[in-house]
Amino acid sequence: MSEANGLRQPKRATADLFLKLGVVPVPDGEKAAAAIGHLDEFRTKVRSFVMAMESCVKCGACAENCHTYLGTRDPNNIPAGRADLIRKVYKRHFTVQGKLFPGLVGAQDLDLETIEKWYSYYYQCSECRRCAHVCPFGIDTAEVTMIGRQILFWLGIGPQLHTATSGAILKTGNHMGLTQAGMVDTLDFLSEEIEEEYEGLKVTFPVDKPNSDVLYIPSSADFMLNANTLKGAAMFLQYVGANWTMSSRITEAGNFGYLMDQNRVMREMVTRLMEETTRLGCKKIVWGECGHGWRATKMYVPTMSDMPASRKIPMTHIHDEVEAYVKAGLLELDPKRNARKITLHDPCNYARACGHSDNMRVIMNAVVPKGAFTEMRPNREANFCCGGGSGILFDDKKMYEYRILASNKKAEQVRATNAEVLCAPCSICKAQLYPMVKEHKLPVEVVGLVDLVGNALVFRD
Amino acid sequence: MPFVEVEGKQVEVDEDGFMVDPAAWFPGWAHYVAKSEGIGELTERHWHVIDFLKDYYAKTGIAPMIRKLCKESGIPLKEMYELFPTGPAKGACKCAGLPKPTGCV
């Protein structure tokens, strides 16, 4: 299928890529019927979806709270309007009024044109859930986006980026196709860097070490872009004397399955996680800096995994670990090493889904000097998305332009703080903000939070 | 997957025009990408980066961490972006026949 006229759509994956993920693309003539079959299944299984379909009164509260709408002023990017792309089909097929008087209740048959709109708008939504935060009915519109993306996936429609990344997951257990040899080489390089930067400090990065207590799950993007996040985590884990390791079979804190296929692909990561935890004898899993991946793990692993380990092994985030040590007074920190004026971007999944607003601030206040940290506004649960949430990090021209528009609100927030450093402790946020601060001419450096912890830790012999 | 013809050879590429099989790389490929990516004529500095990437990929199966690429090739990040305007992960890797990076990059 070619790109639909005028719609903003990311470059789509080929049938070959879908076949590798076990999906046979559905022919155009059968797409509408197949999609309605899937909707019927979701309707009977997912109550939050039915609630979203049935309860919205179009009060408009979500509109001005959505960075996507604020950036584009496209009515289909109003969360309620975006959900309507499915709602009108839902009404037509699953409500009495819609079956009898479709024209009166805004019900519509599903056609290819609407499916093309799904592809366009469900991949402009970043699943940030700020609309859910302000909805007086508590409708989580991101769930509608997720269902839209899932149905598109089953039809064989999806972005090249998400589909290729899902392929890398099945092959290697991480998004970037990291190999063990590549990991070890990168980590040796980082050990040398730490030794040079911190007066001969020796920090090791164990990989696949049997009989480890802690399995640390880094974001694979840290191996290419976010070196200091990887270093900070290793420095912290070594400082507290953890018997830890990473695994080359699951070197990924993210889970693009959660963003596209919350079944086969998402489960692959969950299964690998539990297999590796068991194989390496780990008693605890500590998660690295990744927002959506941490949500997928914290909220879904216990129910999605059918292995006993998932009910027994505690899973925490590295921010929780650092917070606990800070509160217990067990870290000697030198905040002067992070002296520049800094602000904090609350990644959506931490702040609105995982209750991390406090722990990030406990850490921040411990690792920077008094007065260096300025809040952006709004913040915490009310913060705006970076504009790249749910992995919409597309680089085709039209979609890249869209990413700049979708980050207008973020740029405005950052600029108002006059900060020199923008802390964004999530790999998607980092990947979005590295280019975005340049496009918006913001004079800030983008960093993670654990980066600052590693930099402030005072090691004594 | 689509094919493009470069110097009379059929090269299989992905949707973004990256080579599917890095083993099929030949120098003409780098010239072809340089033209289509707006890099222009390849200088000695470009080749230094391309050769480094190819060697590294052959040894490890991945593209190097950007910081490592800069440090070990001796080419600072700023110059790297001047040489390859779309960046080391995309422009340079494409010239060197490496697959397009996936995930959060």
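**Backbone exceptions and the A–B interface**

Arg73(A) sits in the loop between H4 and helix H5 (79-94) of chain A. In this predicted model, Arg73(A) is a good place to begin a tour of the backbone, as its phi is near 55 degrees, a positive value in a residue other than glycine. For context, most residues other than glycine have a negative phi, and most peptide bonds are trans. Is Arg73(A) buried or exposed? With 10 other C-beta atoms within 10 Å, Arg73(A) is exposed, because a count of 12 or fewer places a residue in that class.

A second positive phi is found at Lys58(A), about 60 degrees, and Lys58(A) is not a glycine either. Its loop lies between helix H3 (47-55) and helix H4 (67-72) of chain A. Lys58(A) has 11 other C-beta atoms within 10 Å, so Lys58(A) also counts as exposed.

Turning from phi to omega, the peptide bond that runs from Arg377(A) to Pro378(A) is cis, and its omega is near -5 degrees. Pro378(A) belongs to the loop that links strand E6 (373-375) with helix H21 (397-406) of chain A.

The contacts between the two chains come next. On one side, 17 residues of chain B take part, and they are in contact with 31 residues of chain A. Helix H3 (residues 66-73) of chain B supplies the largest share of the chain B side, with 3 residues. Sorted by class, the side of chain B that touches chain A comprises 9 nonpolar, 4 polar and 4 charged residues.

Notes
Residues numbered from 1 in each chain as written. Chains lettered and ligands numbered in written order. Predicted model: local features only at pLDDT ≥ 70, side-chain atom pairs only at ≥ 80, totals over all residues. Helix = DSSP H or I, 4+ residues; strand = E, 2+ residues; numbered from the N terminus. Buried ≥ 20, exposed ≤ 12 C-beta atoms within 10 Å, placed from the backbone. Contact = placed C-beta atoms within 7 Å. Nonpolar A, V, L, I, M, F, W, Y, C, P; charged D, E, K, R; others polar.
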